[in-house]
Amino acid sequence: MTQRDIATKIKVLKITKEIDNQFIADYLGMKNARSVANFLHGDYNLSDEKRRKAEKLISDLWVEL
């Protein structure tokens with residue numbers, strides 16, 4: 001999954017599952033919610049480890065709409 005795909009799916013999950021940036025930051029092991037916002041806006045790329053965690057988060061929470 002590309003960085004852009006991950007960001008798009010996380011944006012959908014934020015709305016459908018009512019999760020916030022801090023929840024995502026805690027799950028991925030990021031410093032704070034602002035880091036998640038920067039990633040979602042395309043100003044930041046995830047490391048390989050955080051990318052794997054993001055893919056796991058998506059697979060755990062994703063619901064086909």
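Which backbone oxygen lies 3.2 Å from a polar atom of the side chain of lysine 11? In this predicted model, that oxygen belongs to leucine 40. Let's begin with this pair and then walk outward through the helices.

Lysine 11 sits in helix α1. Along the chain, 29 residues separate lysine 11 from leucine 40, yet their C-alpha atoms are 7.5 Å apart in space. Once neighbours within four places in sequence are set aside, the contacts of lysine 11 are Arg4 and Leu40. With a relative accessible area of 37%, lysine 11 is partly exposed, because that value falls between the 20% limit for buried and the 50% limit for exposed. Leucine 40, on the other side of this polar contact, is one of the buried residues of helix α3.

That brings us to α3 itself, which spans residues 33-40. Its buried residues are Ser35, Val36, Ala37, Phe39 and Leu40. If you look at what covers them, you will find α1 (3-16) and α2 (21-28) included. The N-terminal end of the helix has a cap: asparagine 32 places a side-chain oxygen 3.0 Å from the backbone nitrogen of arginine 34. Beyond the other end, just after α3, glycine 42 adopts a positive phi of about 85°.

Serine 35 deserves a moment of your time. This residue of α3 has a relative accessible area of 17% and therefore counts as buried, since the limit is 20%. Leaving out residues up to four places away in sequence, serine 35 touches Met30 and Tyr44.

Now step across to α2, where Asn21, Ile24, Ala25 and Leu28 are buried. These residues lie on the same side of α2, because they cover an arc of only 100° around the axis. Among the elements covering them are α1, α3 and α4 (48-61). Just after α2 comes another glycine to look at: glycine 29 has a positive phi of about 80°.

Asparagine 21 is a good residue to click on in α2. Is this polar side chain's residue buried or exposed? Asparagine 21 is buried, as its relative accessible area is 16%. Apart from neighbours within four places in sequence, asparagine 21 is in contact with Lys14, Ala33, Val36, Ala37 and Leu40. Of these, Val36, Ala37 and Leu40 also appear among the buried residues of α3, and α2 is included in what covers that group.

What about the aromatic rings? The structure holds 1 aromatic pair, made by phenylalanine 23 and tyrosine 27. Their ring centres are 6.4 Å apart, and with 35° between the planes the pair is tilted. Both residues belong to α2, where a spacing of 4 residues corresponds to about one turn of the helix. Phenylalanine 23 is partly exposed, with a relative accessible area of 38%, and tyrosine 27 is likewise partly exposed, at 30% relative accessibility.

One more ring is worth finding before you leave the model. Lysine 9 lies over the face of tryptophan 62, at 5.1 Å from the ring centre.

Technical notes: Residues numbered from 1 in each chain as written. Predicted model: local features only at pLDDT ≥ 70, side-chain atom pairs only at ≥ 80, totals over all residues. Heavy atoms only, no water. Buried < 20%, exposed > 50% of the residue type's maximum accessible area, 1.4 Å probe, protein only. Helix = DSSP H or I, 4+ residues; strand = E, 2+ residues; numbered from the N terminus. Contact = heavy atoms within 4.5 Å. Polar contact = N/O pair within 3.5 Å; in protein donor to acceptor, adjacent residues only side chain to side chain. Arc of directions from axis to C-beta. Phe/Tyr/Trp six-rings, centres within 6.5 Å; stacked < 30°, edge-to-face > 60°. Lys NZ or Arg CZ within 6 Å of the ring centre and 35° of its normal.
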